[in-house]
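Open the model in your viewer and keep the selection panel within reach. We will go from stop to stop, and at each one you will hear what to select and what to look for.

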Amino acid sequence: MASLPDNPDALYGDVIMDHYRRPRHRASLSYADVEAEEFNPFCGDRATLQLRLSHAAGHSPSIQDVSAHAEGCSIIQASASLLADNLRGRTVEQAADLSQLFRDLMQGKPLPPVALSELGDLGALEVVRQYPVRVKCALLPWVALEEGLRKLGRRGAAGG
Amino acid sequence: MTAATVNAPASFSGPLTNDDVERIRRDFPVLDQLINGKPLVYLDNAATTQKPRPVIDAISNYYLHNNSNVHRGVHTLSQRATDDYEAGREAIRRFINAPDSSEIIYVRGTTEGLNLVASSYGRKFFRAGDEVIITGMEHHSNIVPWQILGKEIGIRLRVIPFNDQGELLMDEYESMLNERTRLVSVVHQSNALGTINPVSSIVELAHARGIPVMVDAAQSIPHLPIDVQAMGADFLTFSGHKMYGPTGIGVLWGRADLLNDMPPYQSGGEMIRSVTYEETIYSVIPHKFEAGTPDIAGAIGLGAAVEYLEAIGMDRIAAYEQALMRYGAERLAATEGVRLIGTAENRGGILSFYMESAHAHDIGTILDAEGIAVRTGHHCAQPVMARYEIPATVRASLSFYNTTEEIDTLIKGIDRVIEVFG
Ligand SMILES: Cc1ncc(COP(=O)(O)O)c(C=O)c1O
C-alpha cells in the first residue's frame, strides 16, 4: 500500500511553496505564437500557456517568452511557474525533450544523473510522485505545453 | 432468513452514549486501521459509508450458501435466494413506510432512480413547453437527466434559488408553480451544503396544483427517519452504499398508480409476462422495472443494512449526528481563516468549508497525512460552487460512528494546514 513520507509536509517544500506564493511569468503575453489550455473537469483545475518564438535566420525557432497561468492547488501553480521559468531560450525541440523528461520523472522512470541535472529546480516536483492522486496536478501545465507544441508542429508541417 | 452467521443486532435505549458508539464502531472492521501511521478518521460518509459486519456477512452468506438466480427456478437454492431478495424489499418498505412492497423498485442507485423517472415518466407525460422544477442545490444527477429530456422534447427546467445560508426561497418556489409544471424534483438533504429542505411544504404546494413531487433522498435516508406517506411524496430514490449497504444497489419508490401508468425503462428477462413475436405483455410492478438478473447480493446486503439502522433507531441516529455536527460547526467557525459553506438552520451532518489561504486539494492532502479522509472538490454540485463563487470546498460528512474526538483531530489537521499555508 502506498504510504506518505515520514514528514507529511514533505510535499510543501521551499521551492514548491515559493513558486506557489510567487508564481513567475503569470501575466499573459500581448502577442503569442501559440496558446494552449488544459482543464481537468473532475477538480476544476485549469492551466493556460502562451509561447512567443524568435525566428532568427539559420536557427530553429526558440522560445523567447512564456506565460503560464494556472488555477487550482499549490502543485499545479508551482508546476506552471517552474515550467515557465525553465522554457525560455529553449528551442522547440528542447522544450519537447524537457517535457518528456518531466513526464518520465513524474511517472517514476529511472533517469540518468545528466537528465536530473537537466531538470534543475523542476526536480523539486519529484516529491509529488509520493502522492499519486496529485501527479495529474503537476502534469496539467505540461499537457498544455505538449498541446501547444503539437499545434506548432502541425502549423510547421502545413508550411506556415 | 436462511443466514446462519448473521449477528443478532445489539439493542439500544435512550440517546446514543459514548459506550454505544464504541460498540457500534466495532461493527465496522474498516474503521480499525492506521492510515499514514495515524488512526483512520473517516469523514467522507456523504460519498459512501462504511459497511457493518452484518451487511458483509449477509452478502458473503448469500454467496457461500444460497447463490442462485431469483424468480427462475423451482429448486431450493433459487427459492432461498428469491426469499432473501424479496425479504430485502419488504425490509425497505417497512423502513420508509411505503404502503406496498410492489412499489419498491431495485435500481443501481439514486442516479438510476432519477434517470428511470425521467426516461419513463418524463417521456410519457411531458410535452414541449412543460416545466420541471428543481432546486439550486441539486447533485448533477438531478439536473442532467432533465436537461437531456429538455433537449429531446423541449421541456424547461426551473431552479428554486437559495439564500446565503443555503435555505430555499419558498416564495420563489411558489411563484414558479403554474399550469405548465409537470413535476417537482428536489433533493431532501444537500450533499454540498447539508441543508435539509422542507419537502413536506414543497409537496403540499405542488399537490395543491395537482403536480407530483420526486425526492432525492440519497443524503437524507442514512440520517433521518423517513416516512413516504407522511412526507406525501410521489417518488423517492436513494442509494444503498450511502446507507451502510453495498454499492450497485438502490431503490426507487413510487406510488403504485403512477408506476402502473409508466412504460418499462429497460427490457429483457424478468420484466415480461409473455412474449410472442407479435406482442409482449409486461409483468406487474415492481418486476416491470427490473429487467435482467438483478443485483441479488446487493439487495440482500441492503436489507441487512436497513435492519442494522432500525436496530440502532433513526431518531437516535439523527439526534446524535445533529449534536456532532453542531459541535464541529462551532469548532470550525472558531478557526481563523475557515469559512463554513452551508449554515442553514435545518441541516444534517455535513461540514463544508473553504479556506482562502489553501486550495481544497492541498487541505485534503495534509488531512490525509493525519489519517483523516474528507472529500475535496465540487461534490458534483458545480452550480452550488458557482453560487458561492468558489472553485471547491472541503467536506467533512458525519456518521453515527464518528466521535467528538475525531472532530478534534480534524481541527488539529486544519491547524497543520494553517501552519503550512498561513
Ligand atoms: C444528493 C445526491 N444525489 C444523488 C447522488 C448520486 O448517487 P449515486 O452516485 O449513488 O447514484 C448523490 C451521491 O453523491 C447525492 O449526494
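Begin in chain A with strand 3, residues 62–71. This strand is mostly covered, with seven of its ten residues buried. Keep in mind as you look around that this is a predicted model. Now add strand 2 of chain A, residues 45–54, to the selection: strands 2 and 3 of chain A pair in the antiparallel sense, over nine bridges. To find one end of the pairing by name, pick Ser54(A), which stands opposite Ser62(A) in strand 3 of chain A.

Stay in chain A and select Cys73(A) together with Cys137(A). Are these two cysteines bonded or not bonded to each other? Draw a distance between the two sulfurs: Cys137(A) has its closest cysteine sulfur in Cys73(A), 3.9 Å away, and that is too far for a bond. The cut-off for a disulfide is 2.5 Å between the sulfur atoms, and over all chains the count of disulfides is zero. Cys73(A) is in no disulfide, its nearest cysteine sulfur being that of Cys137(A). Show the surface next. Cys73(A) is buried, at a relative accessible area of 0%, and Cys137(A) is buried too, at 3%.

Move over to chain B and colour it by domain. The domain assignment gives domain 1 as 9–39 + 313–421 and domain 2 as 58–310. Between their C-alpha centres the separation is 28 Å. Where the two domains touch, 35 residues of domain 1 of chain B and 30 residues of domain 2 of chain B take part in the contact.

Next, select Ile96(B), Val184(B) and Phe400(B). These belong to the largest nonpolar core, a set of 154 residues, and they touch the most other members of that core. Which helix gives the most to this core? Select helix 10 of chain B, residues 296–312, which supplies eleven residues. Both domains of chain B feed the core, each with at least three residues. Apart from this core lies another one of 23 residues, and Ala118(B), Ile143(B), Leu183(B) and Leu258(B) are among them.

Zoom in on Ile96(B) and show its surroundings. Beyond neighbours within four places in sequence, Ile96(B) is in contact with Ile104(B), Ile221(B), Ile226(B), Asp227(B), Val228(B), Phe238(B) and Trp253(B).

Trp253(B) leads on to the next stop, since Asp234(B) also has Trp253(B) among its contacts. Select Asp234(B), in the loop between helix 8 (228–231) and strand 9 (235–239) of chain B. Is this aspartate buried or exposed? Asp234(B) counts as buried, at 1% relative accessibility. Show the side chains around it: Asp234(B) makes a side-chain polar contact of 2.7 Å with His207(B) and another, of 2.2 Å, with the side chain of Arg255(B). Other residues in contact with Asp234(B) include Pro212(B), Val213(B), Gly254(B) and Leu258(B).

For the last stop, select strand 5 of chain B, residues 131–135. All five of its residues are buried. Look along the strand: Glu131(B), Ile133(B) and Thr135(B) point one way, while Val132(B) and Ile134(B) point the other way. Then add strand 6 of chain B, residues 156–160, which pairs with strand 5 of chain B in the parallel sense over five bridges. To finish, pick Ile134(B) and its bridge partner in strand 6 of chain B, Val159(B).

Technical notes: Residues are numbered from 1 along each chain as its sequence is written. Chains are lettered from A and ligands numbered from 1 in the order in which they are written. This is a predicted model: local features need pLDDT of at least 70, side-chain atom pairs count only at pLDDT 80 or more; totals for chains, interfaces and linings use all residues. Side-chain values use heavy atoms; hydrogens and water are left out. Buried means under 20% relative accessible area, exposed over 50%, partly exposed in between (1.4 Å probe, protein chains only). Helices (H or I, at least four residues) and strands (E, at least two) are DSSP runs, numbered from the N terminus. A polar contact is a pair of N or O atoms within 3.5 Å; within protein, one must be able to donate a hydrogen and the other to accept it, and residues adjacent in sequence count only if both atoms are side-chain atoms. Contact means heavy atoms within 4.5 Å. A nonpolar core is a set of buried Ala, Val, Leu, Ile, Met, Phe, Trp, Tyr and Cys residues joined through side-chain atoms within 4.5 Å. Domain bounds come from an automatic or database domain assignment. Two strands pair if DSSP finds at least two bridges between them.
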